[in-house]
Amino acid sequence: MTDWINNMKRMLIYNAERDFYAKFYPEVLEDESILNLRLLKRSDIDQLIKIEQQVYGFPWSAQTFKDCMKIGYSCWVMEKLGDIVAYGIVSIAAGEAHVMNLCVDPKHQRKGYGRKVMKQLISVALEERCRLILLEVRPSNQNAIALYHGMGFNEIGRRKDYYPAEKGREDALLLAMDLITEESEEEEYFASS
Ligand SMILES: CC(C)(COP(=O)(O)OP(=O)(O)OC[C@H]1O[C@@H](n2cnc3c(N)ncnc32)[C@H](O)[C@@H]1OP(=O)(O)O)[C@@H](O)C(=O)NCCC(=O)NCCS
């Protein structure tokens, strides 16, 4: 109950703040410095579901997000004056990072937020000393593929019938990026010797 009251308070304060800026200083709403990248909280999940349902034909359920948090995946949201504008989830296992989801609210696409969240997922992978970061993408998702190629991912394979589709299943392209450069391997070698 206390959680619910606190969330309501937070929402009202943020909405009042956003209305104030929209009326008197609209340029502030475009200011990148008011973006806040932070870990996902359970109370954010309703907002994520609304975005999921707008962008994906087969959206994740609230339970899937809860499971990601429970398992310990690294779950991030980017917020702007209390509204979630983008989010990303990466799992780390056996020296490999796997991007499970990356999504930007349709109202806020093409402002560089997708790239920012992906950079955060890559930093998490580097902090965890992963050698590789991987992801799947639908071959039809040209916008996402352009983002991933631009950031240094390369296609390394195809997973047959990976995604549900309007008619049956759709393959996934498997993209990956090496995170270990020769320099970092050398640093690691000298640090351990
Ligand atoms: C794919 C997605 C995450 C990109 O996020 P975004 O914030 O809109 O993208 P950015 O503004 O960070 O753009 C980064 C690059 O991606 C590419 N890109 C993104 N949207 C594009 C579009 N509509 N057309 C062409 N290229 C696009 C461009 O290369 C762009 O670089 P540039 O602006 O220097 O040309 C976003 O469109 C999205 O959430 N889509 C729906 C969910 C989804 O498909 N997620 C990926 C699942 S694998």
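A residue counts as buried if 20 or more other C-beta atoms lie within 10 Å of its own. Ala 97 has 25 such neighbours, so Ala 97 is buried. This is a predicted model, and the values here are computed from it.

**Around Ala 97**

Ala 97 belongs to strand 4. Setting aside neighbours within four places in sequence, Ala 97 is in contact with Val 90, Ile 92, Ala 125, Glu 128, Cys 130 and Ile 133. Take Cys 130. It sits 33 residues from Ala 97 in sequence, yet the two C-alpha atoms are 6.3 Å apart in space.

**The sheet**

Which order do the strands of the open sheet follow? There are 7 strands, in the order 1-2-3-4-5-7-6, and the pairing is mixed. Strand 1 and strand 6 stand at the edges with a single partner strand each, so one side of each has no neighbour in the sheet. On average, neighbouring strands are turned by 25° against each other, direction ignored.

Strands of a sheet pair through backbone hydrogen bonds, either parallel or antiparallel. Strand 5 and strand 7 run antiparallel and are joined by 6 bridges. Here Leu 135 stands opposite Leu 175 of strand 7.

**Helices**

Helix 4 lies across strands 1, 2, 3, 4 and 5. Its angle to strand 3 is about 30°. Helix 3 is another case: of its 10 residues, the number buried is 1, so helix 3 lies largely in the open. Just after helix 3 comes Gly 72, with a positive phi of about 100°.

**The core**

In soluble globular proteins, nonpolar side chains tend to be buried together. The largest nonpolar core of this model has 35 residues. Among those with the most contacts inside it are Met 78, Tyr 87 and Val 117. Helix 2, helix 4 and strands 2, 3, 4, 5 and 7 each supply at least two residues of this core. Val 117 has contacts beyond four places in sequence with Trp 76, Met 78, Ala 86, Tyr 87, Gly 88 and Leu 102.

**The ligand shell**

How many residues surround the ligand? The number is 18, and the closest are Gln 109, Gly 114, Arg 115, Ala 146 and Leu 147. Strand 4, helix 4 and helix 5 each supply at least two residues of the shell. Helix 5 gives the largest share, 5 residues. The table sorts the shell by residue class.

| Class in the ligand shell | Number |
|---|---|
| Nonpolar | 9 residues |
| Polar | 6 residues |
| Charged | 3 residues |

Strand 4 and helix 4 thus appear twice in this account: they supply residues to the core and to the ligand shell.

Conventions: Residues numbered from 1 in each chain as written. Predicted model: local features only at pLDDT ≥ 70, side-chain atom pairs only at ≥ 80, totals over all residues. Near = placed C-beta within 6 Å. Helix = DSSP H or I, 4+ residues; strand = E, 2+ residues; numbered from the N terminus. Nonpolar A, V, L, I, M, F, W, Y, C, P; charged D, E, K, R; others polar. Core = buried A, V, L, I, M, F, W, Y, C linked by C-beta atoms within 7 Å. Buried ≥ 20, exposed ≤ 12 C-beta atoms within 10 Å, placed from the backbone. Contact = placed C-beta atoms within 7 Å. Pairing = 2+ DSSP bridges. Axes fitted to C-alpha atoms, helices over the stretch in contact; angles between N-to-C directions.
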